[in-house]
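Thanks for sharing this one. Here are my notes, point by point, to read with the structure open beside you.

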Amino acid sequence: MKNSSKKIKIHIKNNRWKTGSFPNTLEGENVFTITKEHIKKSLINFQHLKEHIETFIDWDEDHFVSSMANSDILLTWDLPKNNLAKIATNLKWIHCIGAGVEHLSPFDWLPEKIILTNNKGVHRKKAGEYGLMTILMLHNYFPNVVTNQIQKKYKSIYSTPISGKTLVIVGTGNLGSSVAELLTPLGVKVIGVNRQGRDLKGFSKIITIDNIDDVLPDADFLYVALPETPETIELIDERRLNLLKKSCGIVNVGRQSAINYKVLFEMLKSKRVACAILDVFSSEPISSNSQIWDVPNLIISPHISADDGNSYIENTLNLFLSNLDCFISNKPLVNKVDRVLGY
């Protein structure tokens, strides 16, 4: 690409909000929509790229087929996958504006010549702060306090400083490791669980997923930050939930599929586990008549753990344009999705 005089065309596919789709709320449409103004502002730090590119901003599939006929790059959350190789003969690279790409899998639709990258890392700072907040809330029994408030019960629930407690983080990518780095200085013992067992900053120790049963009984808090892959579906099943202490608090910021929510809700109702904060659900938004709203000692957050409402697109474009620089210079792209692993 380095010596090409032809401009690189980037098709940007924004999504209008609709029920059961992305963004999952009307408020999210503003957070995740890429505009000309966003691009202009982000290119200030990448002036050398301006002469190499042209952009076409679209909504949903309004002009997808006609525009993709001569587009080199697609910047999007999702896309119509049927006949992509015929529709987009020039397409070389797709960047997904989310970290999770399970909505695009399996990847049999994706031609070998097309690179797929994701938004891993964009969420890190916000995700770390959210994780710190949730673990401190669990430690101070705030889901229980909220339940008591709803039931009009004025009941003292006392806690202690968090130093000495054990946090097990399942999934040590950016979402999980950012939490570890903030909690370790508070004296929390942080155990990480990942596929390879490799050491990472902020963790007291790392174990492989095969050995997760050894650490679950020690967890004062269980923090799940997993993508959805065949390996992770219901990793925290009924048997593993029953390995936890009754006093354990649970957070999930990855995907619902990693935890058996049906069993978890029953355990919350029977006080078999202490409390939970859940940010992700298979169906979003949760319907107003869902029984989930009535589960005691549970705080529901509407998939907001990692998304910066003011600068999500700015951070996304900074990552994308850095990668575009690599693309033009024929250098390897960062955040390349492994089609087998699914992330």
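1. Let's start with T134 in this predicted model. Its side chain reaches back to the backbone oxygen of G131, at 2.9 Å. T134 is part of helix α5, which covers residues 124-139. Is T134 buried or exposed? With a relative accessible area of 1%, T134 is buried. Leaving aside neighbours within four places in sequence, the residues in contact with T134 are Y223, V251 and I277.

2. Next, please look at D279, which sits in the loop between β11 (275-278) and β12 (298-300). D279 has a relative accessible area of 0%, so it counts as buried. Which side chain joins that of D279 in a polar contact of 2.5 Å? The partner is S301. Not counting residues up to four places away in sequence, D279 touches Y130, N252, V253, E284, S301, P302, H303, I304 and S305. If you would like a distance to check on screen, the C-alpha atoms of D279 and A99 are separated by 15 Å, with these positions 180 residues apart along the chain.

3. H303, one of the residues that D279 touches, deserves its own look. H303 lies in the loop between β12 and α10, and its phi is near 55°, a positive value in a residue other than glycine. H303 is partly exposed, with a relative accessible area of 26%. N335 also has a positive phi without being glycine, near 65°. You will find N335 in the segment after α10. N335 is buried, because its relative accessible area is 15% and the limit for buried is under 20%.

4. There are two cis peptide bonds to look at. One runs from S105 to P106, with omega near -5°, and P106 lies in the loop between β4 (93-96) and β5 (115-117). Another joins E284 and P285, with omega about 0°. P285 belongs to the loop between β11 and β12, which is also where D279 is placed. E284 is among the residues that D279 touches.

5. On cysteines: how many disulfides does a search of the whole structure find? The search finds zero. For C96, the nearest cysteine sulfur is that of C326, 19 Å away. For C275, the nearest is that of C248, at 8.3 Å. A disulfide calls for sulfur atoms within 2.5 Å, so neither distance qualifies. C96 is buried, with a relative accessible area of 1%, and C275 is buried with a relative accessible area of 1% as well.

6. Now to the enclosed spaces. The structure holds two cavities of 30 Å³ or more. The largest has about 60 Å³ of space, and its lining is made up of I10, I12, I39, L43, I53, T55, L75, L317, F320 and L321. Elements giving two or more residues to this lining are β1 (8-14), β2 (53-59) and α10 (312-328). Which element gives the most? That is α10, with three residues. By class, the lining of the largest cavity has nine nonpolar residues, one polar and no charged.

7. The second largest cavity has about 50 Å³ of space. Its lining consists of K13, N14, N15, F22, P23, F32, T33, W77 and I97. By class, that makes five nonpolar, three polar and one charged.

8. Please also visit the second largest pocket, with a volume of about 330 Å³. Of the 15 residues lining this pocket, N144, N148, K155, K271 and N297 are the closest to its centre. The elements giving two or more residues are α6 (142-150) and α9 (261-269), and the largest share, three residues, comes from α6. The lining divides evenly by class: five nonpolar, five polar and five charged.

9. Last, a residue from the loop between α6 and β6 (166-170): S163. Leaving aside neighbours within four places in sequence, S163 is in contact with L186 and G187. From S163 to M137 the C-alpha distance is 14 Å, and the two are 26 residues apart in sequence.

Key: Residues numbered from 1 in each chain as written. Predicted model: local features only at pLDDT ≥ 70, side-chain atom pairs only at ≥ 80, totals over all residues. Heavy atoms only, no water. Helix = DSSP H or I, 4+ residues; strand = E, 2+ residues; numbered from the N terminus. Buried < 20%, exposed > 50% of the residue type's maximum accessible area, 1.4 Å probe, protein only. Polar contact = N/O pair within 3.5 Å; in protein donor to acceptor, adjacent residues only side chain to side chain. Contact = heavy atoms within 4.5 Å. 1 Å grid on protein atoms, 1.4 Å probe; cavity = no way out; pocket = protein on both sides within 12 Å on 5 of 7 lines; lining within 4 Å. Points joined across faces, edges and corners; volume = space filled by probe spheres on them. Nonpolar A, V, L, I, M, F, W, Y, C, P; charged D, E, K, R; others polar.
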